[in-house]
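Here's a quick briefing to read alongside the model. Have the sequence and the 3D view open, and we'll go through a few local spots.

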Amino acid sequence: MFYAPKHSARKQSPVRRRMAGVAVAGFATVGAGIATSSSAQASTVWDRLANCESGGNWSINTGNGFYGGLQFSYTTWNAFGGQRYAGRADLATKGEQITVAKRVLQAQGPGAWPHCSVVAGLTRANGSAVASASSAVASRSTTRKALSSSSSHGKLAVDGIRGPKTNAAIERWVGGSVNGDLSRGDVQRLQRKVGSAPDGVIGPKTVRALQGHIGARKNGAHYLDRATVRSLQSYLNRH
């Protein structure tokens, strides 16, 4: 979900790279009885996202480690329950891929697809279609309160998974709003803090600058890989 596709005839996107580090926390249950208009709207925005990510090919597998219309890594697909549908995203149906993507959206927000979510106009409201607007607001409010009340107690698990608690710790570190949903603005604050160009997309230059700032090994990662997230969690626990 710091989470642009790479396949023939397109440039590599930071979206899938970021998604590789998405956490298992924050699953959303896709309920029955969603209004037809909401479903149609969600389908439209997911189609636009897929067009940006993969050219709209929901069965794409180019052998680059990212699969399906929304270019899930195996790690992300597995972490968000995709295994119940198929071993890889490209082997699942379009609807199943969207179901898993909604869980990613619920946990990470549109920033899980930093470039293509902007291109597609993806938001929680038009992409999740999981709950009513009032329920969604209440849920986010509850999450913020929980993060605020627990933020100063206990340390981060050094597991390399960038979930809401780790996101909240990053937000506190860079001076963002602590809601566990790392926004583009939060990413820009992070980039300024580590001395990288504040374009709001975490790519190899930002990762390298972050690794240098926190004393992590510069391993050439193009996204916030698990090793870098573990180093960041350890650093945040000490500061």
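Where does Q71 lie? Q71 sits in the loop that runs between β1 (66–67) and β2 (72–73). Keep in mind that this is a predicted model. From that loop we'll move on to some aromatic rings and then a helix pair.

**The loop residue Q71**
- Phi of Q71 comes out near 55°, which is a positive value in a residue other than glycine.
- For context, most residues other than glycine have a negative phi.
- Is Q71 buried or exposed? With a relative accessibility of 1%, Q71 counts as buried, because the cut-off for buried is under 20%.

**Aromatic pairs**
- How many aromatic pairs does the structure hold? There are three, and two of them are covered here, starting with W46 and W113.
- The ring centres of W46 and W113 are 5.5 Å apart and the planes stand at 70°, so this pair is edge-to-face, given that planes over 60 degrees apart get that label.
- This pair ties together distant parts of the chain: W46 belongs to helix α2 (residues 36–54), while W113 is in the loop between α4 (94–108) and α5 (116–120). The two residues are 67 residues apart.
- W46 has 0% relative accessibility and therefore counts as buried; W113, at 0% relative accessibility, counts as buried too.
- Next come W173 and Y235, whose ring centres are 5.5 Å apart with planes at 65°, so they also make an edge-to-face pair.
- Again the link is between distant parts of the chain, with W173 in helix α8 (residues 164–174) and Y235 in helix α11 (residues 226–238), 62 residues apart.
- Both W173 and Y235 are buried.

**Helices α9 and α10**
- At what angle do α9 and α10 pack? Helix α9 (residues 184–194) meets helix α10 (residues 204–214) at about 55°, and their axes are 9 Å apart.
- Because of that angle, α9 is oblique to α10.
- As for handedness, α9 passes α10 in a left-handed crossing.
- On the α9 side, the contact is made by L190, Q191, K193 and V194; α10 brings in T206, A209, L210 and H213.
- Sorted by class, the contact of α9 with α10 has four nonpolar, three polar and one charged residues.

Notes. Residues numbered from 1 in each chain as written. Predicted model: local features only at pLDDT ≥ 70, side-chain atom pairs only at ≥ 80, totals over all residues. Heavy atoms only, no water. Axes fitted to C-alpha atoms, helices over the stretch in contact; angles between N-to-C directions. Helix = DSSP H or I, 4+ residues; strand = E, 2+ residues; numbered from the N terminus. Parallel < 35°, antiparallel > 145°, perpendicular 65-115°, else oblique. Left-handed = near helix turned anticlockwise from the far one by under 90°. Contact = heavy atoms within 4.5 Å. Nonpolar A, V, L, I, M, F, W, Y, C, P; charged D, E, K, R; others polar. Buried < 20%, exposed > 50% of the residue type's maximum accessible area, 1.4 Å probe, protein only. Phe/Tyr/Trp six-rings, centres within 6.5 Å; stacked < 30°, edge-to-face > 60°.
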